[in-house]
Amino acid sequence: MAEGVGIVQSEHHTLRVRLPRGQVTVTAEQATPAVVDRFPGTNHLTVVSVRLAEGAQVRVDGFGMPFKNPQDSEVEGWVNHNTPIIHGMTLVDFLRRREYHFVVPMSTINLAKEWGDDVLLPPFSYPYGTEHHWHEDGMDQYTKLLEETKSAEPFRPAYG
Amino acid sequence: MSSPAPPATEAGQPKAIKKAANFARDCVVLTTPAPLGPVFAAGISLGSQLSRIRARLVRSNAAHSDPWIGFLLRFPLPEKQITNEEAGFGVRHESKDIDCYDP
């Protein structure tokens with residue numbers, strides 16, 4: 001079958017765990033020698049902890065997508081039947097946690113430049129404004145809006 | 001517009017933010033604060049034996065969607081998905097255009 005532009009065969013079933021913007025506390029510290037000893041072979045390691053605010057939730061994209069791996073029934077169990085992954089913790093247990101802990105092979109300074117609420121662009125909104133009532137001048141406002149906001153690029157597909 | 005400017009916050013500037021970089025880096029996910037705690041998932045560049053679940057820290061600034069930070073958990077599909085195709089399950093594909101595509 002011919003593949004579409006930019007469409008490739010997956011190697012993984014991917015869950016995207018999105019942290020709620022403005023509702024997380026992120027701490028990042030240079031790894032202690034104990035951490036470096038545990039994960040050798042990298043120059044800089046930063047230990048990151050994320051805590052969700054009261055009532056905040058992560059958003060998980062990709063959860064529940066059909067998955068099958070006859071070569072690894074254990075992984076299939078983790079994904080499809082929520083069987084324990086490690087120390088009795090299942091995937092759902094993990095995704096419901098209030099805090100997450102990472103070790104990242106980057107210096108603390110560089111990581112802070114790349115990852116955090118404060119380096120995100122503003123939330124997206126379609127460039128149509130909020131005034132949509134009927135004007136005496138009919139379609140003029142929309143004609144003007146179209147001219148002002150026409151993009152050379154289509155909106156990105158909503159699939160994936 | 002006479003000179004390059006940082007991405008504007010005004011609506012109607014999709015081209016200005018179109019190429020705002022995404023970020024992804026392999027990471028280790030622990031179940032308790034480092035250095036303790038079992039590894040829940042780990043990017044392959046940190047050691048292929050750590051976990052069968054791959055993990056990457058991600059920041060998405062993809063055009064026309066809300067930017068976000070978070071992480072990926074990636075579970076292996078069978079080799080080239082051949083067994084899935086033969087079993088009638090089909091073969092999963094993904095778009096390279098999505099915000100955090102990474103083979």
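## Salt bridges and strand pairing across chains A and B

The side chains of A:Asp72 and B:Arg52 meet in a salt bridge, with 2.7 Å from N to O. A:Asp72 sits in the loop between strand 5 (59-61) and helix 2 (73-80) of chain A, while B:Arg52 sits in the loop between strand 3 (39-42) and strand 4 (54-60) of chain B, so this pair joins two chains. A:Asp72 is buried because its relative accessible area is 15%, under the 20% limit for that class. B:Arg52, at 35% relative accessibility, counts as partly exposed.

The structure is a predicted model. Its scores are ipTM 0.86 and pTM 0.83. For chain B the mean pLDDT is 80, and 74% of the residues in that chain reach 70 or more. Residues 1-19 of chain B have pLDDT under 50 throughout, and the model gives this stretch 15 contacts beyond four places in sequence.

### Salt bridges

Across all chains, a search of the whole structure finds nine salt bridges. Side chains of opposite charge can pair when their charged atoms come close. The table lists three of the bridges.

| Acidic residue | Basic residue | N to O distance |
|---|---|---|
| A:Asp72 | B:Arg52 | 2.7 Å |
| A:Glu114 | B:Arg59 | 2.9 Å |
| A:Glu99 | A:Arg51 | 3.1 Å |

The salt bridge between A:Glu114 and B:Arg59 has its closest N and O atoms 2.9 Å apart. A:Glu114 belongs to helix 4 (residues 108-114) of chain A and B:Arg59 to strand 4 of chain B, so this pair also joins two chains. The arginine, B:Arg59, is buried, with a relative accessible area of 5%. A:Glu114 counts as partly exposed at 27% relative accessibility.

The salt bridge between A:Glu99 and A:Arg51 has a closest N to O distance of 3.1 Å. This pair links distant parts of the chain: A:Glu99 is in strand 6 (residues 99-104) of chain A and A:Arg51 is in strand 4 (residues 46-52) of chain A, 48 residues apart. The two residues are also bridge partners in the strand pairing, A:Glu99 being the partner of A:Arg51 in strand 6 of chain A. A:Glu99 has 25% relative accessibility and counts as partly exposed. A:Arg51 likewise counts as partly exposed, at 42%.

In chain A, salt bridges also link A:Arg18, A:Arg59 and A:Asp61 in a network.

### Strand pairing within chain A

Strand 4 of chain A pairs with strand 3 and with strand 6 of that chain. Strand 3 (residues 24-30) and strand 4 run antiparallel and are joined by seven bridges. Here A:Val24 stands opposite A:Leu52 in strand 4. Strand 4 and strand 6 of chain A also run antiparallel, joined by six bridges. Six of the seven residues of strand 4 of chain A are buried, so the strand is mostly covered.

### A sheet built from both chains

Strands of a sheet pair through backbone hydrogen bonds, either parallel or antiparallel. Five strands from chains A and B form an open sheet with antiparallel pairing, in the order 5(A)-2(A)-5(B)-4(B)-1(B). Strand 5 of chain A and strand 1 of chain B are the edge strands, and each pairs on one side only. From one strand to the next, the twist averages 25 degrees.

Where do the two chains meet in this order? Strand 2 (residues 12-18) of chain A pairs with strand 5 (residues 68-76) of chain B in the antiparallel sense, over seven bridges. A:His13 stands opposite B:Phe75 in strand 5 of chain B.

### B:Asp26

The edge strand from chain B, strand 1 (residues 23-26), contains B:Asp26. Is this residue buried or exposed? B:Asp26 counts as buried, at 9% relative accessibility.

The side chain of B:Asp26 makes a polar contact of 2.8 Å with the side chain of B:Ser45. A polar atom of the B:Asp26 side chain also lies 3.4 Å from the backbone nitrogen of B:Ile44. Beyond its neighbours within four places in sequence, B:Asp26 is in contact with residues of both chains: A:Val104 and A:Pro105 in chain A, and B:Gly43, B:Ile44, B:Ser45, B:Leu46, B:Ala55 and B:Arg56 in chain B.

Technical notes
Residues numbered from 1 in each chain as written. Chains lettered and ligands numbered in written order. Heavy atoms only, no water. pLDDT = per-residue confidence, 0-100. Contact = heavy atoms within 4.5 Å. Helix = DSSP H or I, 4+ residues; strand = E, 2+ residues; numbered from the N terminus. Buried < 20%, exposed > 50% of the residue type's maximum accessible area, 1.4 Å probe, protein only. Polar contact = N/O pair within 3.5 Å; in protein donor to acceptor, adjacent residues only side chain to side chain. Salt bridge = Lys/Arg side-chain N within 4 Å of Asp/Glu carboxyl O. Pairing = 2+ DSSP bridges. Axes fitted to C-alpha atoms, helices over the stretch in contact; angles between N-to-C directions.
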